[in-house]
Amino acid sequence: MSTKVKVGSCCSQPKVIEEYYNCPMHPEVKQDGPGSCPKCGMALEENDFKAIDNDKSDNAAITYLKNRLRVSSVLTFILVMVSMGRDFFKSANDLVFNINISENLNFSLNLNFLEFMLASPVILWGGWIFFEKAVSSVKNKSLNMFTLIGIGVSVSYIYSVCATFFPNIFPSAFRDQNGLVAVYYEAAAVIILLVIIGQILETRAMHKTGAAIKSLLNLTPKTALKINSDGKQIEIPVDQIVLGDEIMVRPGEKIPVDGMIIDGVSTVDESMLTGEPLPVLKKKLSNVMAGTINGNSNFVIQTKRIGKDTMLAGIIKMVAEAQQSKAPIQKLADKISEFFVPFVMLSSLITFIIWSIFGPAPAMAYAVINSVAVLIIACPCALGLATPISITVGTGLGALNGILFKDAEALELLSKVNYLVFDKTGTLTRGEAKVVTIKSLSGFKEKDLLHYASQISAVNQHPLAKAIMKMAGDNFVAEKLVSLSNIEGQGVKANFKGKLLSVGNEKMLKGLKLDMKGATKAAEQFKMLGQSIVYVSYGNDVLGFLGIADELKANTASVLAKLAKKKFKLMVLTGDNEKTATAITKDLPITKLIANLLPTEKAEIIKDLQKKGHKVAMIGDGINDAVALAQSDVGIAMDTGSDISIDSARITLLKSDLSKILLAHKLSTATMSNIRQNLFFAFIYNFVGIIIAAGVLYPFLGLLLSPMIAAAAMSMSSISVISNALRLKRVKLS
């Protein structure tokens, strides 16, 4: 059976996201070109949905910052040397030279002018973008990290400029024992330099979090070998391929589009999309997917889906949308961030007041420097990044292992699930049902019974109907049906040759007021063998029944055993009869089996579990599972299932592999643990940092924090959060 992924609504075609720029912290912020986020001030990230070269040169934001870094680092180095020379001269003068105050004052003023000339380009040119972001944050009423940086650096720089050009306006509280007013040019310049470095490192680290989507984008080759109508082969760009084109795929090449093999036999490596390590044998009429790799032989495919409609495009869209959604846990960080910057500004003001009143001489100088340190060390970015960065890495890793999360909430909720509810047919079983028994009643011929059953099954997509059609074979001839009606969870009926023909379960035929005693008694022994019974009636007579068997998937028992070992409660809900379901599931470690259920009844059972406080995941693949999938906390669909079930679910498992439930839960747990680590680190960092920067420890340990050290710590906090999120890539999901 071919693999398919349905993304978006049931009425729309899968669509690859257009190229745009968005904020890593606030993914809802999008625009056509580069710029800064109006909420947090971070540089918008490019979502280039063309093939991306992972070795691509730096983007525009990094190039801009690097140009300013080169100039600013040289000027700041000279500035720091001058400042250190000043301090050395002061110490030497006090100990040895004892130059009089007026000469010392003139010397300091001359150095102030030199420092002003060195620092101004760094602050006003190198750091201009940060001041723009600070002003924008005020205009947009969304105070952020750059608000704090802008205020802190502005205070240091303006204070120093005033001390340089108007030293006489400062009262004694601002002067040291020599009557000098300190300047903080080097602190302001170093802060700008460190923020530039931090922004470059942060942007580069952010790029690594999008590696999953980039690797998916790079799966599509740039060119393909098209076979023309005259049989000649010509290499063309992939975007020139149209539906129906015949494409030659050579050994080792990536398949450019979704298609069907029309000539040749080979193995195909699908691991990049499904996470399955073993190559899959493909022959004539087999479907292949764009981005997978041909193994050992040439084959020719006929194009079935191109561009935005390929399975790969659907996966990319689903992953991108999941990465841009918000997990519930992020609401906590968002709420705190909303009040964080005003709190920091208030803390800075209180620090200034306390130091100006109670600080040692020069009290005002201490007040300025410590209040600036409080502003600079605080990092709302670390709080804002804690959740979305981990979500981006987690959903990307899931996609590379054949687990597609529709949104961030599903990734979070899966870690809280304690009840797993399974559908039977196509989920626990192979879904490749076979008709193994044909039992006619009232002297009706078996071949005629199969023919009547096939008339309705031909227009039904249920796995049991497909089994009947497979048994009917290629010689089956469909006849006219009138008033076709599908009774949910029971079967199908229609007018056939003037009488009512029905094909369905016992509940359906009883609803038609037919005498079922003989039929159900005859079917009893076949139910005990695990066969699903499909009854056929015509007019007022039950013509007989078909016994259809479906085997458990090879890994069903082992996967459920592992899930039970992890303390999950396991339940099976099925529309099949109880005896058949019991026979098939008797050796499985399930907590409870409930059979003979309608789709709405499955949903009601899940709702009852939720009322008792359980977090429920429903795993299914059929149209009849859609309601239950939607009702559950986390719906998990098999990719070979119906479009409706995939649309209703929040997680899709490629290759319909049950073992991926274990992997998905492990990934969910690891991601949530990573988010909690990030939030804890961000909270503790800001709490402790503000306390130290405010000088609370000064009376006890004599410890003060330079604004330059505060700037370095601020930059490293965001980088640490991103680096911790990147550790998720090392989670082993196999």
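Which residues line the second largest cavity? I would like to start there, and then turn to the salt bridges, keeping in mind throughout that what we are looking at is a predicted model.

A search of the whole structure finds three cavities of 30 Å³ or more, and the second largest of them has a volume of about 40 Å³. Its lining is made up of Met145, Val195, Gly198, Gln199, Glu202, Met714, Ser715 and Ser718. If you look at where these residues sit, helices α5 (185-209) and α25 (707-726) each supply at least two of them, and α5 gives the most, with four residues. As for the character of this lining, three of its residues are nonpolar, four are polar and one is charged.

Let me now move on to the charged side chains. Side chains of opposite charge can pair when their charged atoms come close. In this model the count comes to 15 salt bridges, and I will take you through three of them.

The pair to begin with is Arg250 and Glu253, whose closest N and O atoms are 2.8 Å apart. Both partners are partly exposed, Arg250 with a relative accessible area of 38% and Glu253 with one of 24%.

Next come Asp258 and Arg305, whose side chains meet in a salt bridge with an N to O distance of 3.1 Å. Asp258 belongs to strand β7 (residues 258-263) and Arg305 to strand β12 (residues 299-305), so this pair ties together parts that are 47 residues apart in sequence. Are the two partners buried or exposed, or something in between? Asp258, at 2% relative accessibility, counts as buried because the cut-off for that class is under 20%, whereas Arg305 is partly exposed, with a relative accessible area of 33%.

The last pair is Arg650 with Glu409, where the side chains meet at 2.7 Å, N to O. Here Arg650 lies in the loop between α22 (643-648) and β25 (651-653), while Glu409 lies in helix α12 (residues 408-414), and the salt bridge therefore ties together parts that are 241 residues apart in sequence. Arg650 counts as buried, at 18% relative accessibility, and Glu409 is partly exposed, with a relative accessible area of 31%. I would add that this contact belongs to a network of salt bridges in which Asp407, Glu409 and Arg650 are linked.

With the structure in front of you, you may wish to look again at helices α5 and α25 around the cavity, and then at the network of Asp407, Glu409 and Arg650.

Definitions and conventions:
Residues numbered from 1 in each chain as written. Predicted model: local features only at pLDDT ≥ 70, side-chain atom pairs only at ≥ 80, totals over all residues. Heavy atoms only, no water. Salt bridge = Lys/Arg side-chain N within 4 Å of Asp/Glu carboxyl O. Buried < 20%, exposed > 50% of the residue type's maximum accessible area, 1.4 Å probe, protein only. Helix = DSSP H or I, 4+ residues; strand = E, 2+ residues; numbered from the N terminus. 1 Å grid on protein atoms, 1.4 Å probe; cavity = no way out; pocket = protein on both sides within 12 Å on 5 of 7 lines; lining within 4 Å. Points joined across faces, edges and corners; volume = space filled by probe spheres on them. Nonpolar A, V, L, I, M, F, W, Y, C, P; charged D, E, K, R; others polar.
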